[in-house]
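Reader: I would like to learn how to read a fold one feature at a time. Could we take a single residue as the starting point and work outward from there?

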Amino acid sequence: MFRLWAKIFKDNRMLRDTVICDDSAETRTHKVFNALDEICYQFDLGKPMWLDATINDFKKHSKARFTRDNFVEQIDFDFLEIQVIEED
């Protein structure tokens, strides 16, 4: 089981969160991208861009923060954080 936890924060408070589960036989990378697509759909967001700093943080910690710099459109929160909480 692969599970990814997504949280939206504003002013150091969590506004929304969701957990995406994936039992498919896809690669870890595909599971992360598919989960991020589902998160953006649930939260009604445009897809964020993976900047070099975001990629490096995700590789090191299995956790990434998407700030205003990662989004093309305006966002009304401080950041979207994703974190892998379970992997097979």
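**From one residue to the fold**

Author: Let us begin with T18, which is found in strand β2. Please keep in mind throughout that this is a predicted model.

Reader: Is T18 buried or exposed?

Author: T18 has a relative accessibility of 12%, and because the cut-off for a buried residue is under 20%, T18 counts as buried. Its side chain also takes part in a polar contact of 2.8 Å with the side chain of Q42.

Reader: Which residues is T18 in contact with, once its neighbours within four places in sequence are left aside?

Author: With those neighbours set aside, the contacts of T18 are L4, W5, A6, I39, Q42 and F43.

Reader: How should I read the sheet to which β2 belongs, and what is the order of its strands?

Author: As a general idea, strands of a sheet pair through backbone hydrogen bonds, in either a parallel or an antiparallel manner. Here the sheet is open and has four strands in the order β2-β1-β4-β3, with antiparallel pairing. Its edge strands are β2, residues 13-22, and β3, residues 63-66, each of which pairs on one side only. On average, and with direction ignored, neighbouring strands of this sheet are turned by 20° against each other.

Reader: How many bridges join β1 to β4, and how many does β1 have with β2?

Author: Strand β1, residues 2-10, is joined to strand β4, residues 79-86, by seven bridges, and these two strands run antiparallel; within this pairing, W5 stands opposite Q83 in β4. The pairing of β1 with β2 is likewise in the antiparallel sense and extends over nine bridges, and there R3 stands opposite C21 in β2.

Reader: Where do the helices lie with respect to the strands?

Author: Helix α1, residues 28-43, lies across β1, β2, β3 and β4, and runs at about 135° to β2. Helix α2, residues 52-61, also packs on the sheet, where it touches β3 and β4, and its direction makes about 155° with that of β3.

Reader: What should I look for in the nonpolar core, and which residues have the most contacts inside it?

Author: In soluble globular proteins, nonpolar side chains tend to be buried together. In this model the largest nonpolar core has 21 residues, and those with the most contacts inside it are I39, L45, L80 and I82. At least two residues of this core are supplied by each of β1, α1, β3 and β4, while the largest share, six residues, comes from α1. To follow one of these residues outward, L45 is in contact with I8, C40, F71, E73, F77 and L80, when its neighbours within four places in sequence are left aside.

Reader: How many disulfides does the structure hold?

Author: The structure holds zero disulfides. For C21, the nearest cysteine sulfur is that of C40, 17 Å away, whereas a disulfide requires two cysteine sulfur atoms within 2.5 Å. The surroundings can be read from accessibility: C21 is partly exposed, with a relative accessible area of 47%, while C40, at 4% relative accessibility, counts as buried.

Reader: What does the backbone do in the hairpin of β1 and β2?

Author: The general expectation is that most residues other than glycine have a negative phi. In this hairpin, which has two residues between the strands, D11 takes a positive phi near 55°. N12, which lies in the loop between β1 and β2, has a phi near 60°, again a positive value in a residue other than glycine.

Reader: Are D11 and N12 buried or exposed?

Author: D11 is exposed, with a relative accessible area of 57%, and N12 is exposed as well, with a relative accessible area of 76%. R13, which is found in strand β2, also counts as exposed, at 61% relative accessibility.

Reader: What separates the C-alpha atoms of R13 and F77?

Author: These two residues are 64 residues apart along the chain, and the C-alpha atoms of R13 and F77 are separated by 9.9 Å. F77 has already appeared in this conversation, as one of the residues in contact with L45.

Methods. Residues numbered from 1 in each chain as written. Predicted model: local features only at pLDDT ≥ 70, side-chain atom pairs only at ≥ 80, totals over all residues. Heavy atoms only, no water. Pairing = 2+ DSSP bridges. Axes fitted to C-alpha atoms, helices over the stretch in contact; angles between N-to-C directions. Contact = heavy atoms within 4.5 Å. Buried < 20%, exposed > 50% of the residue type's maximum accessible area, 1.4 Å probe, protein only. Polar contact = N/O pair within 3.5 Å; in protein donor to acceptor, adjacent residues only side chain to side chain. Core = buried A, V, L, I, M, F, W, Y, C linked by side-chain atoms within 4.5 Å.
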